[in-house]
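Visitor: I am new to this structure and would like to know how its descriptions are justified. Please show it to me, and then I will ask.

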Amino acid sequence: MRGYACRRSPRKFSLKLFSVVDVKMAEISQEVLQGLDTVAQAKLRAAYAAVDNHVKDGQVVGIGSGSTVVFAVQRLAQRVRDENLRVICIPTSFQARQLILENKLVLGDLNANPVLDVAIDGADEVSAQLDCIKGGGGCLLQEKIVASNADQLIIIADYSKIADYLGSVWKKGVPLEVIADCYVPIMRKLEKMGGKPVLRMAKAKAGPCVTDNGNFIVDCDFGVMQEPAKLEQQLLSIPGLVETGFFLQMAVKAYFGMQDGSVKTLDAPARQ
Ligand SMILES: O=C(CO)[C@H](O)[C@H](O)COP(=O)(O)O
(Lines give C-alpha, C1' and ligand atoms only; values in the text may rest on other atoms or scores of the structure.)
Protein backbone atom coordinates (compact mmCIF):
# COMPACT_ATOMS: atom_id res chain seq x y z
CA MET A 1 0.00 0.00 0.00
CA ARG A 2 1.45 3.36 -1.05
CA GLY A 3 1.63 6.52 1.01
CA TYR A 4 -1.31 8.11 -0.77
CA ALA A 5 -3.72 5.34 0.15
CA CYS A 6 -5.62 4.90 3.38
CA ARG A 7 -5.96 1.53 5.13
CA ARG A 8 -8.93 2.23 7.31
CA SER A 9 -12.38 2.53 5.84
CA PRO A 10 -13.24 6.21 6.29
CA ARG A 11 -16.74 7.58 6.71
CA LYS A 12 -18.21 8.49 3.35
CA PHE A 13 -18.86 12.10 4.30
CA SER A 14 -19.51 14.41 7.22
CA LEU A 15 -22.62 16.44 6.57
CA LYS A 16 -21.63 18.89 9.30
CA LEU A 17 -19.01 20.19 6.89
CA PHE A 18 -21.72 21.53 4.61
CA SER A 19 -23.75 24.72 4.95
CA VAL A 20 -27.25 25.10 3.58
CA VAL A 21 -27.93 27.49 0.73
CA ASP A 22 -31.38 29.00 0.42
CA VAL A 23 -32.35 28.25 -3.16
CA LYS A 24 -35.42 30.06 -4.41
CA MET A 25 -37.32 26.84 -4.96
CA ALA A 26 -40.39 28.70 -6.20
CA GLU A 27 -38.48 29.53 -9.37
CA ILE A 28 -38.16 25.84 -10.21
CA SER A 29 -41.58 24.95 -11.55
CA GLN A 30 -43.11 21.49 -11.23
CA GLU A 31 -43.19 21.41 -15.01
CA VAL A 32 -39.38 21.53 -15.10
CA LEU A 33 -39.03 18.84 -12.40
CA GLN A 34 -41.70 16.58 -13.89
CA GLY A 35 -40.44 13.20 -15.05
CA LEU A 36 -37.06 13.55 -13.30
CA ASP A 37 -36.04 10.99 -10.66
CA THR A 38 -34.62 12.06 -7.27
CA VAL A 39 -31.01 12.13 -8.48
CA ALA A 40 -31.82 14.13 -11.60
CA GLN A 41 -33.86 16.61 -9.54
CA ALA A 42 -30.89 16.99 -7.17
CA LYS A 43 -28.60 17.68 -10.14
CA LEU A 44 -31.03 20.23 -11.52
CA ARG A 45 -31.35 22.09 -8.22
CA ALA A 46 -27.57 22.25 -7.72
CA ALA A 47 -27.08 23.47 -11.30
CA TYR A 48 -29.78 26.13 -11.06
CA ALA A 49 -28.43 27.43 -7.73
CA ALA A 50 -24.88 27.70 -9.08
CA VAL A 51 -25.94 29.51 -12.27
CA ASP A 52 -28.17 31.89 -10.31
CA ASN A 53 -25.46 32.72 -7.78
CA HIS A 54 -22.35 32.89 -9.95
CA VAL A 55 -23.18 34.05 -13.48
CA LYS A 56 -23.43 37.78 -14.14
CA ASP A 57 -23.89 40.00 -17.17
CA GLY A 58 -20.78 40.46 -19.31
CA GLN A 59 -19.00 37.33 -18.13
CA VAL A 60 -17.01 34.67 -19.93
CA VAL A 61 -18.28 31.33 -18.57
CA GLY A 62 -16.72 27.88 -18.85
CA ILE A 63 -19.28 25.18 -19.60
CA GLY A 64 -18.40 21.78 -18.17
CA SER A 65 -19.51 18.36 -19.37
CA GLY A 66 -21.83 15.64 -18.16
CA SER A 67 -25.47 15.24 -17.22
CA THR A 68 -25.56 17.89 -14.44
CA VAL A 69 -24.17 20.54 -16.76
CA VAL A 70 -27.14 20.03 -19.09
CA PHE A 71 -29.33 21.61 -16.40
CA ALA A 72 -26.85 24.46 -15.87
CA VAL A 73 -26.91 25.32 -19.58
CA GLN A 74 -30.71 25.21 -19.63
CA ARG A 75 -30.84 27.61 -16.69
CA LEU A 76 -28.21 29.87 -18.22
CA ALA A 77 -30.17 30.03 -21.49
CA GLN A 78 -33.32 30.89 -19.54
CA ARG A 79 -31.51 33.72 -17.71
CA VAL A 80 -30.00 35.01 -20.95
CA ARG A 81 -33.51 35.20 -22.44
CA ASP A 82 -35.23 36.64 -19.37
CA GLU A 83 -32.51 39.08 -18.24
CA ASN A 84 -30.82 39.87 -21.56
CA LEU A 85 -27.51 38.67 -20.16
CA ARG A 86 -24.51 38.96 -22.46
CA VAL A 87 -22.42 35.89 -21.73
CA ILE A 88 -19.73 34.15 -23.77
CA CYS A 89 -19.57 30.38 -23.21
CA ILE A 90 -16.36 28.37 -23.47
CA PRO A 91 -16.96 24.62 -23.96
CA THR A 92 -15.01 21.82 -22.28
CA SER A 93 -16.02 19.12 -24.76
CA PHE A 94 -17.90 18.38 -27.94
CA GLN A 95 -20.97 17.77 -25.76
CA ALA A 96 -20.64 21.21 -24.14
CA ARG A 97 -20.21 22.85 -27.54
CA GLN A 98 -23.42 21.20 -28.75
CA LEU A 99 -25.28 22.26 -25.61
CA ILE A 100 -24.17 25.87 -26.07
CA LEU A 101 -25.29 25.90 -29.70
CA GLU A 102 -28.58 24.05 -29.09
CA ASN A 103 -29.47 26.53 -26.35
CA LYS A 104 -28.59 29.47 -28.61
CA LEU A 105 -25.85 30.77 -26.33
CA VAL A 106 -22.77 32.62 -27.58
CA LEU A 107 -19.93 30.17 -28.29
CA GLY A 108 -16.38 31.35 -27.59
CA ASP A 109 -12.99 29.68 -27.37
CA LEU A 110 -9.95 29.90 -25.17
CA ASN A 111 -7.78 31.66 -27.74
CA ALA A 112 -10.35 34.43 -28.30
CA ASN A 113 -11.36 34.52 -24.61
CA PRO A 114 -8.37 33.36 -22.57
CA VAL A 115 -9.62 34.67 -19.21
CA LEU A 116 -12.81 33.19 -17.79
CA ASP A 117 -14.79 34.68 -14.93
CA VAL A 118 -16.23 31.38 -13.85
CA ALA A 119 -16.37 27.73 -14.94
CA ILE A 120 -19.29 25.53 -13.89
CA ASP A 121 -18.74 21.79 -14.06
CA GLY A 122 -19.88 18.48 -12.62
CA ALA A 123 -17.77 15.96 -10.73
CA ASP A 124 -17.67 12.24 -10.09
CA GLU A 125 -16.55 12.64 -6.48
CA VAL A 126 -15.93 15.62 -4.18
CA SER A 127 -13.91 15.33 -0.97
CA ALA A 128 -14.32 17.34 2.20
CA GLN A 129 -11.27 19.35 1.05
CA LEU A 130 -13.17 20.19 -2.16
CA ASP A 131 -10.77 18.10 -4.19
CA CYS A 132 -12.52 16.31 -7.05
CA ILE A 133 -12.28 13.33 -9.34
CA LYS A 134 -13.56 14.14 -12.82
CA GLY A 135 -13.48 12.44 -16.17
CA GLY A 136 -16.30 9.92 -15.82
CA GLY A 137 -17.50 11.33 -19.13
CA GLY A 138 -13.99 11.29 -20.60
CA CYS A 139 -13.67 15.09 -20.94
CA LEU A 140 -11.11 15.71 -18.19
CA LEU A 141 -8.36 17.28 -20.31
CA GLN A 142 -10.38 20.15 -21.74
CA GLU A 143 -12.29 20.48 -18.47
CA LYS A 144 -9.03 21.00 -16.61
CA ILE A 145 -7.67 23.45 -19.17
CA VAL A 146 -10.84 25.54 -19.02
CA ALA A 147 -11.03 25.40 -15.20
CA SER A 148 -7.39 26.42 -14.87
CA ASN A 149 -8.11 29.59 -16.84
CA ALA A 150 -11.17 30.55 -14.81
CA ASP A 151 -11.16 32.87 -11.81
CA GLN A 152 -13.56 30.48 -10.11
CA LEU A 153 -14.39 26.80 -10.61
CA ILE A 154 -17.85 25.99 -9.27
CA ILE A 155 -18.79 22.32 -8.95
CA ILE A 156 -22.38 21.10 -9.30
CA ALA A 157 -23.34 17.60 -8.22
CA ASP A 158 -25.93 15.41 -6.60
CA TYR A 159 -25.62 14.00 -3.08
CA SER A 160 -24.08 10.71 -4.26
CA LYS A 161 -20.78 12.44 -5.10
CA ILE A 162 -19.92 13.57 -1.56
CA ALA A 163 -17.01 11.80 0.17
CA ASP A 164 -14.56 12.55 2.98
CA TYR A 165 -11.68 11.14 0.90
CA LEU A 166 -11.33 10.62 -2.83
CA GLY A 167 -11.81 6.99 -3.80
CA SER A 168 -14.34 6.21 -1.08
CA VAL A 169 -17.50 6.51 -3.19
CA TRP A 170 -16.16 6.67 -6.77
CA LYS A 171 -15.02 3.08 -7.28
CA LYS A 172 -14.34 3.13 -11.02
CA GLY A 173 -10.81 4.46 -10.57
CA VAL A 174 -9.12 7.74 -11.43
CA PRO A 175 -9.67 8.59 -15.11
CA LEU A 176 -6.35 9.14 -16.89
CA GLU A 177 -6.08 10.46 -20.45
CA VAL A 178 -3.24 8.69 -22.25
CA ILE A 179 -1.67 8.69 -25.71
CA ALA A 180 -3.19 5.71 -27.56
CA ASP A 181 0.15 4.47 -28.92
CA CYS A 182 1.54 3.76 -25.46
CA TYR A 183 -1.41 2.72 -23.29
CA VAL A 184 0.11 -0.73 -22.59
CA PRO A 185 3.44 0.48 -21.12
CA ILE A 186 1.53 3.12 -19.17
CA MET A 187 -0.79 0.47 -17.71
CA ARG A 188 2.26 -1.60 -16.71
CA LYS A 189 3.71 1.41 -14.89
CA LEU A 190 0.39 2.05 -13.15
CA GLU A 191 0.33 -1.56 -11.93
CA LYS A 192 3.85 -1.15 -10.54
CA MET A 193 2.60 1.91 -8.65
CA GLY A 194 -0.03 -0.28 -6.97
CA GLY A 195 -2.97 0.72 -9.17
CA LYS A 196 -5.49 -1.45 -11.02
CA PRO A 197 -5.72 0.07 -14.50
CA VAL A 198 -8.51 -0.71 -16.95
CA LEU A 199 -8.69 0.57 -20.52
CA ARG A 200 -12.08 2.25 -20.89
CA MET A 201 -14.12 0.68 -23.68
CA ALA A 202 -16.67 2.51 -25.80
CA LYS A 203 -20.37 1.74 -25.25
CA ALA A 204 -21.85 1.99 -28.74
CA LYS A 205 -18.71 1.31 -30.76
CA ALA A 206 -16.33 -1.63 -30.86
CA GLY A 207 -13.01 -0.92 -29.17
CA PRO A 208 -11.74 1.67 -26.71
CA CYS A 209 -13.29 5.00 -25.77
CA VAL A 210 -11.53 7.73 -27.79
CA THR A 211 -11.56 11.21 -26.23
CA ASP A 212 -12.36 14.49 -28.00
CA ASN A 213 -8.58 14.87 -28.27
CA GLY A 214 -8.01 11.49 -29.93
CA ASN A 215 -6.55 9.83 -26.82
CA PHE A 216 -7.56 6.80 -24.72
CA ILE A 217 -8.85 6.77 -21.14
CA VAL A 218 -7.40 4.40 -18.55
CA ASP A 219 -9.37 4.20 -15.30
CA CYS A 220 -7.01 3.30 -12.47
CA ASP A 221 -8.21 2.22 -9.04
CA PHE A 222 -5.82 3.25 -6.23
CA GLY A 223 -8.25 2.59 -3.38
CA VAL A 224 -9.11 5.38 -0.95
CA MET A 225 -6.60 8.21 -1.32
CA GLN A 226 -5.60 10.47 1.53
CA GLU A 227 -2.75 12.15 -0.37
CA PRO A 228 -3.95 12.52 -3.96
CA ALA A 229 -1.50 15.38 -4.70
CA LYS A 230 1.48 13.09 -4.19
CA LEU A 231 -0.09 10.44 -6.40
CA GLU A 232 -0.94 12.97 -9.09
CA GLN A 233 2.69 14.14 -9.27
CA GLN A 234 3.81 10.54 -9.79
CA LEU A 235 1.20 9.99 -12.48
CA LEU A 236 2.08 13.16 -14.39
CA SER A 237 5.73 12.08 -14.49
CA ILE A 238 4.79 9.12 -16.75
CA PRO A 239 5.56 10.04 -20.38
CA GLY A 240 2.43 9.66 -22.51
CA LEU A 241 0.06 10.18 -19.60
CA VAL A 242 -1.49 13.45 -20.73
CA GLU A 243 -3.69 14.40 -17.78
CA THR A 244 -5.32 13.01 -14.66
CA GLY A 245 -8.91 13.31 -13.48
CA PHE A 246 -7.74 14.81 -10.18
CA PHE A 247 -8.95 18.40 -9.77
CA LEU A 248 -7.04 19.28 -6.63
CA GLN A 249 -7.31 22.69 -4.95
CA MET A 250 -9.10 24.02 -8.02
CA ALA A 251 -12.76 24.44 -7.07
CA VAL A 252 -13.80 27.33 -4.82
CA LYS A 253 -17.29 26.07 -4.08
CA ALA A 254 -19.49 23.03 -4.67
CA TYR A 255 -23.27 22.92 -4.84
CA PHE A 256 -24.87 19.60 -3.90
CA GLY A 257 -28.49 18.80 -4.61
CA MET A 258 -29.72 16.64 -1.75
CA GLN A 259 -32.30 13.86 -1.54
CA ASP A 260 -34.71 16.03 0.46
CA GLY A 261 -34.80 18.73 -2.24
CA SER A 262 -32.43 21.13 -0.47
CA VAL A 263 -29.13 22.39 -1.87
CA LYS A 264 -26.01 22.41 0.31
CA THR A 265 -22.68 24.02 -0.41
CA LEU A 266 -19.09 23.31 0.48
CA ASP A 267 -16.50 26.09 0.33
CA ALA A 268 -12.83 25.49 -0.30
CA PRO A 269 -10.67 25.52 2.82
CA ALA A 270 -8.05 28.29 3.11
CA ARG A 271 -5.26 27.43 0.65
CA GLN A 272 -1.63 28.53 0.50
O1 LIG B 1 -16.06 14.99 -15.43
C2 LIG B 1 -17.04 14.85 -16.10
C3 LIG B 1 -17.00 14.47 -17.54
O4 LIG B 1 -15.67 14.22 -17.93
C5 LIG B 1 -18.37 15.05 -15.50
O6 LIG B 1 -18.44 16.35 -15.02
C7 LIG B 1 -18.56 14.06 -14.39
O8 LIG B 1 -18.43 12.77 -14.95
C9 LIG B 1 -19.92 14.21 -13.74
O10 LIG B 1 -20.92 13.86 -14.64
P11 LIG B 1 -22.46 13.90 -14.27
O12 LIG B 1 -22.84 15.34 -14.12
O13 LIG B 1 -23.14 13.24 -15.45
O14 LIG B 1 -22.66 13.13 -13.00
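Guide: In this predicted model, strands β9 (residues 174-178) and β11 (residues 216-221) run antiparallel and are joined by five bridges. In that pairing, E177 stands opposite I217 of β11.

Visitor: What makes β9 and β11 a pair?

Guide: Two strands pair if at least two bridges are found between them. Five bridges join β9 to β11, so the two strands meet the requirement of at least two.

Visitor: In what order do the strands of that open sheet lie?

Guide: The order is β10-β11-β9-β12, with antiparallel pairing. β10 (196-199) and β12 (241-244) each have a single partner strand and therefore stand at the edges, with one side of each left without a neighbour in the sheet. From one strand to the next the twist averages 30 degrees.

Visitor: Which helices lie across these strands?

Guide: Helix α6 (residues 183-192) lies across β9, β10, β11 and β12, at about 10 degrees to β11. Helix α7 (residues 228-236) lies across β9 and β12, at about 160 degrees to β12.

Visitor: What do these two angles say about direction?

Guide: Angles run from 0 to 180 degrees between N-to-C directions. The value for α6 against β11 is about 10 degrees, and the value for α7 against β12 is about 160 degrees. On that scale 10 stands by the 0 end and 160 by the 180 end, so α6 points roughly along β11 and α7 roughly against β12.

Visitor: Why is β5 called largely enclosed?

Guide: A residue is buried if 20 or more other C-beta atoms lie within 10 Å of its own. Five of the six residues of β5 are buried, so the strand is largely enclosed by the rest of the structure.

Visitor: How do you know that β8 is mostly covered?

Guide: Strand β8 (residues 150-158) has seven buried residues out of nine. For the protein chain, 47% of the 272 residues count as buried.

Visitor: Which strands are joined to β8 by bridges?

Guide: Strand β5 (residues 116-121) runs parallel to β8 and is joined to β8 by five bridges. L116 has A150 in β8 as its bridge partner, and A119 has L153. Strand β14 (residues 251-257) also runs parallel to β8, with six bridges between them. L153 has a bridge partner in β14 too, namely A251.

Visitor: What makes β2 a partner of β5?

Guide: Three bridges join strand β2 (residues 60-63) to β5, and the two run parallel. Pairing asks for at least two bridges, so β2 and β5 pair. I63 stands opposite I120 in β5.

Visitor: How many bridges join β6 to β7?

Guide: Two bridges join β6 to strand β7 (residues 132-133), which run antiparallel. Because the requirement is at least two, β6 and β7 pair. V126 stands opposite C132 in β7. The open sheet they belong to has the order β6-β7-β13, with antiparallel pairing. β6 (125-126) and β13 (246-247) are its edges, each with a single partner strand, so each has one side without a neighbour in the sheet.

Visitor: Which residues come nearest to the ligand?

Guide: G66, S67, G122, G136 and G137 come nearest, out of 17 residues around the ligand. Two elements, α3 (67-83) and α5 (140-148), give two or more residues to this shell.

Visitor: How do the residues of the shell around the ligand divide?

Guide: They divide into three nonpolar, 10 polar and four charged. Gly counts as polar in this scheme, so G66, G122, G136 and G137 fall in the polar group.

Visitor: Into which domains is the protein chain divided?

Guide: Domain 1 covers 15-164 + 248-267, and domain 2 covers 174-245. These bounds come from an automatic or database domain assignment. The C-alpha centres of the two domains lie 25 Å apart. Each domain gives 14 residues to the contact. On the side of domain 1 that touches domain 2, α5 gives the most, with four residues. That side divides into six nonpolar, five polar and three charged residues.

Technical notes
Residues are numbered from 1 along each chain as its sequence is written. This is a predicted model: local features need pLDDT of at least 70, side-chain atom pairs count only at pLDDT 80 or more; totals for chains, interfaces and linings use all residues. A residue is buried if 20 or more other C-beta atoms lie within 10 Å of its own, exposed if 12 or fewer, and partly exposed in between; C-beta atoms are placed from the backbone. Two residues are in contact if their C-beta atoms, placed from the backbone, lie within 7 Å. A residue is near a molecule or strand if its C-beta atom, placed from the backbone, lies within 6 Å of it.
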